[in-house]
Amino acid sequence: MSRGKPYFAGLTKTKLTSEIQDELKKFDFNQEFESQLISDLIAEKHYYCAQKGIHPIRFRKSFRPGAAYDFEGYFPNHGWHMVSWRQCITPRNELDWIKRALRDAVQPIVSSYKSLHPTCERCSLKPSEHVDHVHPEFDVMANQAIDKLSKTEIDAIFVNFNWWSEEPFSLPPSHSIVNFICNAHETAKLQAVCQPCHIASARERHA
Ligand SMILES: [Zn+2]
């Protein structure tokens, strides 16, 4: 299908968001509908769909307790899958996503440290609830890891992630930055702390 300049191209982010919200209000939960506007937007702007040349042809909002709704698109050959139209307007912060995935990647190390230190190492009174990255801070290690990546390598992380899976975004366990952050944890100073000590210790570091 050949399309001219997409309709959304001339709209500001605010205007485009409100147009889509107005369109979505017309439909009930689970009611299937078509929208050239949303379909075109995803085809052109969604980080995965645009790269892969795919776009959903129908949509529905499904009810989710505690949230407004889950937004799903129907993809030929795949079926229904959650797809964010908002991320097509305001792209996700790639570095924040990678940082969160790095946190998930070191979770086993952190959990194991905590189970080996069941009592707060700072006050020696309360049970430990968190593990504090005393030195270097987690952000410092994560930024060092990310700084090693070229733009091409960052793009590859997102394009190679299996978007069709229902799992949250993650890094391949063998990725070089996962190795880097795991190795950095071998020499990093960790401290198992209770909640009040965690706050106090972070405050001292940033004083
Ligand atoms: Zn404590």
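**Exercise 1. Work out how α5 packs against helix α6 in this predicted model.**

Start with the geometry: α5 and helix α6 (residues 138–147) pack at an angle of about 115°, and their axes are 10 Å apart. Next, get the hand: α5 and α6 cross in a right-handed way. Then list who touches whom. From α5 come Leu95, Ile98, Lys99, Leu102 and Arg103, while α6 brings Phe138, Ala142, Ala145 and Ile146. Finally, sort that contact by class: seven residues are nonpolar, none is polar and two are charged.

**Exercise 2. Do likewise for α5 and α8, and decide which label fits their angle.**

Helix α5 covers residues 94–116 and helix α8 covers residues 176–187. Their packing angle is about 45°, with 10 Å between the axes. Now for the label: angles under 35 degrees count as roughly parallel, and 65 to 115 as roughly perpendicular. With an angle of about 45°, α5 is therefore oblique to α8. The crossing of this pair, α5 and α8, is right-handed.

On to the residues. Leu102, Ala105, Val106 and Ile109 of α5 meet Ile177, Val178, Ile181, Cys182 and His185 of α8. Split by class, this contact of α5 with α8 has eight nonpolar residues, one polar and no charged. Worth a look on screen: Leu102 turns up here, facing α8, and also in the contact with α6.

**Exercise 3. Lay out the sheet: what is the strand order, and which strands sit at the edges?**

The sheet is open and has three strands, in the order β1-β2-β3, with antiparallel pairing. At the edges you'll find β1 (58–62) and β3 (79–82), each pairing on one side only. Ignoring direction, neighbouring strands here are turned by 30° against each other on average.

Zoom in on one pair. β1 and strand β2 (residues 70–75) run antiparallel and are joined by five bridges. To check the register, pick arginine 60: its bridge partner in β2 is glutamate 72.

**Exercise 4. Split the chain into domains and describe where they touch.**

The domain assignment gives domain 1 (7–89) and domain 2 (94–205). Their C-alpha centres lie 33 Å apart. For the contact, count five residues from domain 1 and four residues from domain 2. Last step, the chemistry: on the side of domain 1 that touches domain 2, two residues are nonpolar, three are polar and none is charged.

Conventions
Residues are numbered from 1 along each chain as its sequence is written. This is a predicted model: local features need pLDDT of at least 70, side-chain atom pairs count only at pLDDT 80 or more; totals for chains, interfaces and linings use all residues. Axes are lines fitted to C-alpha atoms, for helices over the stretch in contact, and angles run from 0 to 180 degrees between N-to-C directions. Helices (H or I, at least four residues) and strands (E, at least two) are DSSP runs, numbered from the N terminus. Angles under 35 degrees count as roughly parallel, over 145 as roughly antiparallel, 65 to 115 as roughly perpendicular and the rest as oblique. A crossing is left-handed if the near helix is turned anticlockwise from the far one by less than a right angle, and right-handed if clockwise. Two residues are in contact if their C-beta atoms, placed from the backbone, lie within 7 Å. Ala, Val, Leu, Ile, Met, Phe, Trp, Tyr, Cys and Pro count as nonpolar, Asp, Glu, Lys and Arg as charged, and the others, Gly among them, as polar. Domain bounds come from an automatic or database domain assignment. Two strands pair if DSSP finds at least two bridges between them.
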